[in-house]
Structure formats: C-alpha cells, structure tokens
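Here is a short report on one protein chain. Keep the sequence and the coordinates in view while reading.

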Amino acid sequence: MEDLLKVGIITSTHGIRGEVKVFPTTDDIQRFRYLKACIMDTGSRQIPMEVEGCKFFKNQAILKFKGYDNINDIEQYKNASLWVTRENAVPLEEGEFYIADIIDAGVYEEDGTYLGRLTDVMETGANDVYVVQMENGKELLLPAIPQCVLEVDTEEPRLTVRLMKGMLE
C-alpha cells in the first residue's frame with residue numbers, strides 16, 4: 001500500500017500573494033477545504049506544506065501555503081504534485097478504495113484465468129477505465145462498472161472481472 005496519496009497538481013500561480021491553482025486528482029474537490037497539511041513533491045525533493053487558506057475557482061482549488069506570501073516565493077513550484085499521508089486522507093465509505101491501492105493488481109477473469117496487471121486508471125466523465133497490461137504486450141481497456149468489475153481485493157491486490165463480448169478482439 002502507498003503511504004502517500006496524490007491529491008492534486010499545482011497548475012499555476014493565482015494573483016501576487018502566493019496563492020496557487022491546484023488541479024485536483026481526487027474525487028472530491030471539497031476535500032481541500034479541510035486540508036491542513038500536505039507534501040509538495042517538486043521532483044527533486046519533498047517539502048512539507050501547511051495550508052493556510054483555500055477557495056475555489058471553476059474546477060480548481062486555490063491554496064495559500066503558510067510562509068509563501070508572494071508570487072516570487074511560489075511560482076517555481078508550478079507542476080509540483082501535492083500528496084497527503086494516508087492518515088490525512090479522506091475516510092472511505094464501504095466498498096470504496098484508493099486508486100493507489102489497486103495499481104499493479106493482478107487482473108483475473110471470474111474463472112481464474114490471469115489477464116495481466118492493472119497499470120493505470122483513466123478517469124472519464126461517465127466511469128473510470130482500468131488499463132490492464134496483458135502478458136502478450138497488448139492493453140485491455142476495462143470499464144470500471146459493476147457488470148465488468150466483479151470484485152476488488154485491495155489486500156492481495158487482485159481484481160476479478162467479467163469480460164464483455166469483443167473486449168479481447
């Protein structure tokens with residue numbers, strides 16, 4: 001299991017007082033309203049950040065970090081990822097799981113036939129799509145709907161799926 005969960009990416013600065021626009025990589029943008037601390041990953045280092053304020057504009061959160069009070073302090077962090085520890089993550093409801101917990105899971109048909117490994121989750125408007133890297137080198141795109149994904153075991157991790165007609169062709 002991942003210890004850190006990605007919640008957003010800094011897309012740009014906002015104004016001149018050190019605020020940043022954050023594209024959410026979480027299901028619920030409102031989670032930023034309650035975010036007190038996060039870790040900013042610049043690619044070369046991880047910086048603990050204390051969130052001082054939050055507001056929203058369109059589909060993005062606008063965050064203000066403590067100690068970053070003007071545009072010059074923060075603009076170098078464009079494209080940095082924001083992460084939270086599992087303890088600071090939004091609690092899950094029954095039957096929910098974090099995407100990080102199923103990446104690299106084995107994917108099996110309901111009869112036990114091994115299909116491959118889950119390598120990515122594409123978030124679309126209607127439903128997520130699981131990207132499965134098959135042993136023959138091909139990718140299988142599997143809609144994350146109850147008719148296809150029968151069981152998700154985050155402990156093993158393992159997905160049991162039912163393929164719809166024509167999916168392997």
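The sections below go from the overall fold to the sheets and then to the cores.

## Overall fold

This is a predicted model. The protein has 169 residues, and 34% of them count as buried. It contains one helix and twelve strands. Along the sequence the pattern reads β-β-β-β-β-α-β-β-β-β-β-β-β.

The C-alpha trace spans about 60 × 30 × 30 Å along its principal axes. The exposed surface comes to about 10200 Å². Carbon and sulfur atoms supply 47% of that surface. Among contacts with a separation of 6 or more, 49% join residues 24 or more positions apart.

## The closed barrel

Six strands form a closed barrel in the order 1-2-5-4-3-6, with antiparallel pairing. The twist averages 45 degrees from one strand to the next. Strands of a sheet pair through backbone hydrogen bonds.

Where does strand 6 pair in this barrel? One partner is strand 1, in the antiparallel sense, over five bridges. In that pairing, Leu4 has Thr85 in strand 6 as its bridge partner. Strand 6 is also joined to strand 3 by three bridges, again antiparallel. Here Met40 has Leu82 in strand 6 as its bridge partner.

Strand 3 also runs antiparallel to strand 4, and five bridges join the two. Ala37 stands opposite Glu50 in strand 4. Strand 3 and strand 4 form a hairpin with four residues between the strands. In this hairpin Gly43 takes a positive phi near 105 degrees.

## Ser81 in strand 6

Is Ser81 buried or exposed? Ser81 lies in strand 6. Its relative accessible area is 13%, so it counts as buried, the cut-off being under 20%.

Beyond residues up to four places away in sequence, Ser81 touches Lys6, Gly8, Ile9, Ile39, Met40 and Asp41.

## The open sheet

A further six strands make an open sheet in the order 10-9-8-7-12-11. Its pairing is mixed. Strand 10 (139–143) and strand 11 (149–153) stand at the edges. Each has a single partner strand, so one side of each is left without a neighbour in the sheet. The twist averages 35 degrees from one strand to the next.

Inside this sheet, strand 7 (residues 106–109) pairs with strand 8 (residues 114–123). The two run in the antiparallel sense over three bridges. Val107 has Gly116 in strand 8 as its bridge partner.

## Nonpolar cores

Which residues have the most contacts inside the largest nonpolar core? They are Ile10, Phe65 and Leu82, in a core of 23 residues. Strand 1 (4–14), strand 2 (19–24), strand 3 (37–41), strand 4 (46–57), strand 5 (60–65) and strand 6 (81–85) each supply at least two residues of this core. Those six strands are the ones that make up the barrel. In soluble globular proteins, nonpolar side chains tend to be buried together.

Ile10 shows the contacts in detail. Leaving out residues up to four places away in sequence, Ile10 touches Val20, Lys21, Val22, Met40, Phe65, Tyr77, Lys78, Asn79, Ala80 and Leu82. That list includes Phe65 and Leu82, which rank with Ile10 for contacts inside the core. Apart from this core lies another, of 16 residues. Among its members are Ile102, Ala105, Met134 and Leu140. Leu140 falls in strand 10 (139–143), an edge strand of the open sheet.

Methods
Residues are numbered from 1 along each chain as its sequence is written. This is a predicted model: local features need pLDDT of at least 70, side-chain atom pairs count only at pLDDT 80 or more; totals for chains, interfaces and linings use all residues. Side-chain values use heavy atoms; hydrogens and water are left out. Two strands pair if DSSP finds at least two bridges between them. Axes are lines fitted to C-alpha atoms, for helices over the stretch in contact, and angles run from 0 to 180 degrees between N-to-C directions. A nonpolar core is a set of buried Ala, Val, Leu, Ile, Met, Phe, Trp, Tyr and Cys residues joined through side-chain atoms within 4.5 Å. Buried means under 20% relative accessible area, exposed over 50%, partly exposed in between (1.4 Å probe, protein chains only). Contact means heavy atoms within 4.5 Å. Accessible areas come from the Shrake-Rupley method with a 1.4 Å probe; for residues, only the protein chains shown count as cover.
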